Amino acid sequence: MLTTWARTFFRGFLETIGRFFVRVGVTPNQLTLVGLFLQAVVAAVIATGWLQLGGVLLILFSIFDAFDGTVARLTGKVSRFGAFFDSTLDRYAEAFVLFGLLIYETGQPGTRTEVLLIYVSIVGSLLVSYTRAKAESLGIKCMEGILTRAERVALLAVGLLLSPYQFWVLPNSMTIVLWLLAILSNVTALQRIWAVWKATQDERQDGSSTGG
């Protein structure tokens with residue numbers, strides 16, 4: 001996944017900056033909160049129509065998002081609440097950015113399709129997260145999928161950076177990216193449902209089941 005590659009590629013940089021945060025006494029949870037605020041700034045920039053600037057800030061601030069985990073590892077403060085807190089605020093952060101884009105699109109003429117795609121993208125994003133969380137609560141590792149959060153952020157950033165451009169007879173770049181986000185995020189959720197279905201095949205053969 002892109003997340004694993006990015007953490008490996010930027011490991012030295014992340015640890016260098018992470019040690020600075022450790023020296024000044026910043027905690028992982030504080031960094032998580034700062035990261036959420038920065039994503040809210042991205043949302044505000046996008047909502048006001050500065051899409052390319054929003055794309056640049058989304059990339060930079062998404063790198064910042066890795067510092068909380070780095071500091072937690074450097075200080076030995078990795079905790080279950082920290083992981084829960086980080087994952088929860090990640091969902092808010094992604095929703096903020098897409099909401100900023102939703103505000104922008106609703107102010108443009110003829111963008112009904114884009115508004116619907118943003119809604120479907122938000123649903124897909126939440127389902128990708130939920131399916132993993134629910135599977136892991138049942139003791140099933142669930143990392144499958146072609147569009148995890150890192151890929152979604154990268155794809156959205158590309159769409160924002162290329163937003164002024166239109167290639168041949170295709171829709172503009174942002175619309176193309178929204179189609180990809182809407183479809184592939186939900187495909188990822190379905191991939192995880194399928195993975196859990198396979199992982200629980202023995203239980204179904206034994207006739208055991210639970211509802212919820």
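User: What volume does the largest cavity have?
Analyst: This is a predicted model. Three cavities of 30 Å³ or more are counted in it. The largest cavity has a volume of about 120 Å³.

User: Which residues are closest to the centre of the largest cavity?
Analyst: The lining of the largest cavity has 14 residues. Among the helices that give two or more residues to it are H6 (80–106) and H8 (149–161). Closest to the centre are Glu-94, Leu-98, Arg-152, Val-153 and Leu-156.

User: Which element gives the most to the lining of the largest cavity?
Analyst: The elements that give two or more residues are helices H4 (51–64), H6 (80–106), H7 (112–137), H8 (149–161) and H9 (173–199). One of them contributes four residues, the most to this lining. That element is H8.

User: How do the residues lining the largest cavity divide into nonpolar, polar and charged?
Analyst: Glu-94 and Arg-152 are in this lining, and both count as charged. Leu-98, Val-153 and Leu-156 are in the lining too, and they count as nonpolar. The full division is six nonpolar, five polar and three charged.

User: Which elements give two or more residues to the lining of the second largest cavity?
Analyst: The second largest cavity has a volume of about 60 Å³. Its lining includes Thr-32, Gly-35, Leu-36 and Gln-39. Asp-86, Leu-89, Asp-90 and Ala-93 also line it. The elements that give two or more residues are H3 (28–47) and H6.

User: How many residues lining the second largest cavity are charged?
Analyst: Asp-65, Asp-86 and Asp-90 line this cavity. Asp counts as charged. The lining divides into four nonpolar and three polar residues, with the charged ones numbering three.

User: Are H8 and H9 roughly parallel or roughly antiparallel to each other?
Analyst: Their axes come within 8 Å and cross at roughly 165°. The crossing is left-handed. Angles over 145 degrees count as roughly antiparallel. H8 and H9 are therefore roughly antiparallel.

User: Is Thr-27 buried, partly exposed or exposed?
Analyst: Thr-27 is in the loop between H2 (11–23) and H3. Its relative accessible area is 26%. Buried needs under 20%, and exposed needs over 50%. Thr-27 is therefore partly exposed.

User: What distance separates the C-alpha atoms of Thr-27 and Val-71?
Analyst: Thr-27 belongs to the loop between H2 and H3. Val-71 is 44 residues away from Thr-27 along the chain. Their C-alpha atoms are separated by 7.3 Å.

Notes
Residues are numbered from 1 along each chain as its sequence is written. This is a predicted model: local features need pLDDT of at least 70, side-chain atom pairs count only at pLDDT 80 or more; totals for chains, interfaces and linings use all residues. Side-chain values use heavy atoms; hydrogens and water are left out. On a 1 Å grid over the protein atoms alone, a cavity is a set of points where a 1.4 Å probe fits but cannot get out, and a pocket is an open set with protein on both sides within 12 Å along at least five of seven lines; lining residues have an atom within 4 Å of a point. Grid points are joined across faces, edges and corners, and a volume is the space filled by probe spheres set on the points. Buried means under 20% relative accessible area, exposed over 50%, partly exposed in between (1.4 Å probe, protein chains only). Axes are lines fitted to C-alpha atoms, for helices over the stretch in contact, and angles run from 0 to 180 degrees between N-to-C directions. Angles under 35 degrees count as roughly parallel, over 145 as roughly antiparallel, 65 to 115 as roughly perpendicular and the rest as oblique. A crossing is left-handed if the near helix is turned anticlockwise from the far one by less than a right angle, and right-handed if clockwise.
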